[in-house]
Amino acid sequence: MNEVIIIYAVTLLLAWPLGKYIAGVFNGARGTAGAVFLQVENGLYRLFGVNPSQPMSWQGYGKALLKLHLMLVLIVFGLLMAQGFLFLNPDNIDGMSWDLALQTAISFLTNTNQQHYSGQAQLSYLAHTFGIVTLQVVTPAAGMAALVAIVRTLLGRADEKKQPSGEGAVSVGNFYEDITRAIVRVMLPVAAVVALIIASQGVPNSYEGARTAIPLEEQNIPIGPVAPMVAIKQVGTNGGGWYGPNSSVPLENPTPVSNFVQTVSIVLIPAALVFALGFMTGRRRLAMVVMGVMVVMSVSLTSVAIW
């Protein structure tokens, strides 16, 4: 029970400053770190040929989100089927069947993350890190961007002018700017910190092939760049771990410290977004009410599960 109390306490203590930081990210707060991130973001805008300063209506925002997701699902679908012929496949894993590849791509695209495969046996390192992990980063970031657009439009400060979009409707922001900031300034930095911590606890972090051990008879122990994937899996509230049983596998979650960090990680950004709501809109009491309801419901259900 003490561990549960500590998890709640640490989550709330971290969520408050993180929520304030997230609000600053989407409100355009300036600073040294922002200047560094801006260089990366501007490079991405040029690479993909998008204009982050163009206001969008809600229809334009939604279309941009759907186009991005359609492109991603096609790329990942093809990658999963072709992985047997591609690089970063030291264990010579064959490509997925078309139906399993389609189910997997759509599952991770929609952030439901249902697994009908065991990652260590059926996905190459390329499919893991450039297919599944990409979706585990982009889809929660897209959800964060959509949330920010809704909050900005419906609950924004009265003294903030809403710039009209090119379509004549009220602007909800720019999707490309919002999702890029969510990825570059929030998802990746938090996931990097979590990855470093759990890697220090013994979670594998290598592109080498499976190791061979001979305790009584020879067996292969699959490894790989597990720590970064586990980090974004938790930080982005995703499912779909490197190993089939996910974080119940000792290689994915070897110590009490790694278990504590992974448990906090999965609820940290959702909690921080509630505080960000208060900072972005100036409605601190609303944010505290929402957080209070969430905590009461979570504590109640957790207590029943422990009992």
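Asp178 and Arg152 form a salt bridge in which the closest N and O atoms are 3.0 Å apart, and because Asp178 lies in helix H7 while Arg152 lies in helix H6, the pair ties together parts that are 26 residues apart in sequence. The structure shown above is a predicted model, and a search of the whole of it finds four salt bridges. The points below begin with Asp178 and its surroundings, and then turn to other charged pairs, the nonpolar core, the surface and some individual residues.

**Asp178 and its surroundings**

- Asp178, a residue of helix H7, has a relative accessible area of 2%, and it counts as buried because the limit for that class is under 20%.
- Its partner Arg152 has a relative accessible area of 23% and is therefore partly exposed, so the salt bridge joins a buried residue to a partly exposed one.
- When residues up to four places away in sequence are not counted, Asp178 touches Phe26, Tyr61, Ala145 and Arg152.

**Other salt bridges**

- Within helix H7, Arg181 forms a salt bridge with Glu177, and the closest N and O atoms of this pair are 3.5 Å apart.
- Arg181 and Glu177 are four residues apart in that helix, which is about one turn.
- Arg181 is buried, with a relative accessible area of 13%, whereas Glu177 is partly exposed, with a relative accessible area of 25%.
- Another salt bridge is formed where the side chains of Lys233 and Glu252 meet, at 2.6 Å from N to O.
- This pair links distant parts of the chain, since Lys233 belongs to helix H8 and Glu252 to the loop between H8 and H9, 19 residues apart.
- Lys233 and Glu252 are both buried.

**The largest nonpolar core**

- In soluble globular proteins, nonpolar side chains tend to be buried together.
- The largest nonpolar core of this model has 74 residues, and those that touch the most other members are Ile22, Phe26, Met144, Phe175, Ile179 and Ile269.
- Several helices each supply at least two residues of this core, among them helix H1 (2-27), helix H3 (58-82), helix H6 (125-154), helix H7 (175-200) and helix H10 (284-306).
- H6 provides the largest share of the core, with 13 residues.
- Ile179, leaving aside its neighbours within four places in sequence, is in contact with Leu68, Val138, Ala141, Ala142 and Ala145.
- Ala145 thus appears among the contacts of Ile179 and also among the residues that Asp178 touches.

**A nonpolar patch on the surface**

- Met81, Trp98, Leu102 and Ile106 form a nonpolar patch on the surface, and together they have about 370 Å² of accessible area.
- Helix H4 gives the most to this patch, with three residues.
- Ile106 is found in helix H4, and its relative accessible area of 39% means that it is partly exposed.

**The end of helix H9**

- Thr281 lies in helix H9, which covers residues 256-281, and at 7% relative accessibility Thr281 counts as buried.
- A polar atom of the side chain of Thr281 lies 2.7 Å from the backbone oxygen of Leu277.
- The backbone nitrogen of Arg283 lies 3.2 Å from a polar atom of the Thr281 side chain.

**The loop between H8 and H9**

- Thr237 is placed in the loop between H8 and H9, and its phi is near 50°, a positive value in a residue other than glycine.
- At 34% relative accessibility, Thr237 counts as partly exposed.
- Asn246 also lies in the loop between H8 and H9, with a phi near 60°, again a positive value in a residue other than glycine.
- Asn246 is buried, with a relative accessible area of 16%.

**Asn42 in helix H2**

- Asn42 has its place in helix H2, residues 32-48, and is partly exposed, with a relative accessible area of 27%.
- Asn42 and Ile269 are 227 residues apart along the chain, and their C-alpha atoms are separated by 25 Å.

Notes
Residues are numbered from 1 along each chain as its sequence is written. This is a predicted model: local features need pLDDT of at least 70, side-chain atom pairs count only at pLDDT 80 or more; totals for chains, interfaces and linings use all residues. Side-chain values use heavy atoms; hydrogens and water are left out. Buried means under 20% relative accessible area, exposed over 50%, partly exposed in between (1.4 Å probe, protein chains only). A polar contact is a pair of N or O atoms within 3.5 Å; within protein, one must be able to donate a hydrogen and the other to accept it, and residues adjacent in sequence count only if both atoms are side-chain atoms. A nonpolar core is a set of buried Ala, Val, Leu, Ile, Met, Phe, Trp, Tyr and Cys residues joined through side-chain atoms within 4.5 Å. Contact means heavy atoms within 4.5 Å. Patches are made of residues with over 30% relative accessible area and no salt bridge: like charges are joined within 9 Å, nonpolar side chains (Val, Leu, Ile, Met, Phe, Trp, Tyr) within 5 Å. Accessible areas come from the Shrake-Rupley method with a 1.4 Å probe; for residues, only the protein chains shown count as cover.
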